[in-house]
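Reader: Hello! I'd enjoy a close look at the charged side-chain pairs in this model, since I like to follow such contacts one by one. Could you walk me through them?

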Amino acid sequence: MVWRPSSFPPAIGWRVPSENLLTIDDLDAIAFRSADETDPAPIVAELVAAVEQGRVADDEAAAHAYLLAAEITEQAGDLPAALGWAEKAATAPGEDGLSRACYAELLVKSGREGEGREVFDALRPELLQDPHAAAYVGEALESCGLATLADEWLSETARTLIEDGAFDEDAPGSDDADDFGPVDVLYAVLAERHRIREESLEVPHDELDGLFHEMDSAADAPDLDGQVLLFWPEAELAQVLARWPERADIYGKAWDEHRAGVERTLAGWSATGATHLGLLPASADALLAYASANDLNPSNPETHADYADDLADNVPATEWPPQRNAECWCASGAKYKKCCLPRSRG
């Protein structure tokens with residue numbers, strides 16, 4: 001099953017965990033615990049109970065809880081139960097394309113290909129409008145053995161976007177971070193098409209693969225010359241918060257909150273059209289050394305900001321985002337698409 005970042009929030013600081021109703025981030029935190037459980041059933045029950053007891057923040061969070069329950073249950077090997085939860089996600093008031101793609105995927109895997117294809121067919125128009133749709137439709141088709149169909153759909157979508165003038169200077173765009181222009185959609189379609197053709201189909205490159213490489217090269221300069229963001233690896237964050245607990249208001253009160261904030265900030269920048277984004281891993285000892293060398297107070301917020309500037313001037317940044325199937329930037333060892341990518345949902 002697949003993940004998609006929803007509308008990215010602006011980069012204005014870290015999320016404050018809800019005290020009463022569970023947000024999507026809160027639900028993700030519950031679901032992440034299932035990786036360490038021999039029997040994930042209690043985690044699934046906790047997610048479902050949150051919806052049934054009215055303890056989720058909104059309709060979107062309710063659909064997300066059912067989707068998480070479906071993913072966990074599928075990973076545990078119970079396909080019929082997973083299909084049931086996916087159906088609830090796909091029919092909930094807050095459902096979106098991701099929920100329906102996962103439902104279609106599980107229908108096909110359950111031997112109900114005709115029904116699954118009907119759901120996929122209804123999703124197909126979204127490929128022309130939403131850059132996220134390429135990933136959740138493409139991966140769902142690929143996962144249930146329909147990679148060739150995914151290639152066909154993505155190829156036709158790309159050609160339609162080109163014929164409709166995606167590269168025209170007067171092509172519609174938007175200053176709203178939640179909206180996307182035709183070029184954004186085309187790039188996402190070409191990227192997912194290229195991935196499926198390389199990883200699943202192993203077919204020779206064609207002219208659309210060449211166009212993807214041209215667009216990718218234009219977006220990814222050899223040196224990061226855009227915005228970079230400081231982050232504290234897990235052990236370093238623990239030292240920083242132990243020394244300066246007041247910094248929790250900026251960095252987050254715990255590692256999961258910190259890396260979720262980093263991911264959402266970078267996603268927010270990206271959604272506004274920023275490119276060449278990067279990450280700068282910080283060190284508590286290096287901060288102390290910088291403060292000492294410059295006769296600064298290490299507890300002063302301005303010293304932390306000056307240290308970040310110094311890092312940006314002297315340390316190569318790590319490019320963000322990683323490939324979806326690459327190891328996550330936070331060094332958890334998990335794939336990015338299963339680790340910090342979902343944390344960009346706010």
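**Salt bridges, pair by pair**

Author: Gladly! In this predicted model, the count comes to 23 salt bridges, taking a Lys or Arg side-chain nitrogen within 4 Å of an Asp or Glu carboxyl oxygen.

Let's begin with K109 and E74, whose side chains meet in a salt bridge with an N to O distance of 2.8 Å. K109 belongs to helix α5, which covers residues 97-109, while E74 sits in helix α3, residues 59-75, so this contact ties together parts that lie 35 residues apart in sequence. The two partners fall into separate accessibility classes. K109 has a relative accessibility of 29% and counts as partly exposed. E74, with a relative accessible area of 19%, is buried, because the cut-off for that class is under 20%.

Next comes helix α9. Here the side chains of E192 and R195 form a salt bridge at 2.7 Å, N to O. These two residues are three apart within α9 (residues 182-201), which means that about one helical turn separates them. Both E192 and R195 are buried.

Helix α9 also supplies R193, which meets the side chain of D206 in a salt bridge of 2.4 Å, again N to O. D206 lies in the loop between α9 and α10 (207-219) and R193 in α9 itself, so the pair links parts 13 residues apart in sequence. At 23% relative accessibility D206 is partly exposed, whereas R193, at 2%, is buried. There is more to follow from here: salt bridges with shared partners join D151, R193, R197, D206 and D209 into one network.

For some context beyond the charged pairs, here is the sheet. Three strands make up an open sheet with mixed pairing, in the order β1-β2-β3. The edges are taken by β1 (228-231) and β3 (318-320); each has a single partner strand, so one side of each has no neighbour in the sheet. From one strand to the next, the twist averages 35°. Strand β2, residues 277-281, runs parallel to β1, and four bridges join the two. Within that pairing, L229 has L279 of β2 as its bridge partner.

If you'd like a place to start in the viewer, try R193: this buried residue of helix α9 holds the 2.4 Å contact with D206 and is one of the members of the network described above.

How values were computed:
Residues numbered from 1 in each chain as written. Predicted model: local features only at pLDDT ≥ 70, side-chain atom pairs only at ≥ 80, totals over all residues. Heavy atoms only, no water. Pairing = 2+ DSSP bridges. Axes fitted to C-alpha atoms, helices over the stretch in contact; angles between N-to-C directions. Buried < 20%, exposed > 50% of the residue type's maximum accessible area, 1.4 Å probe, protein only.
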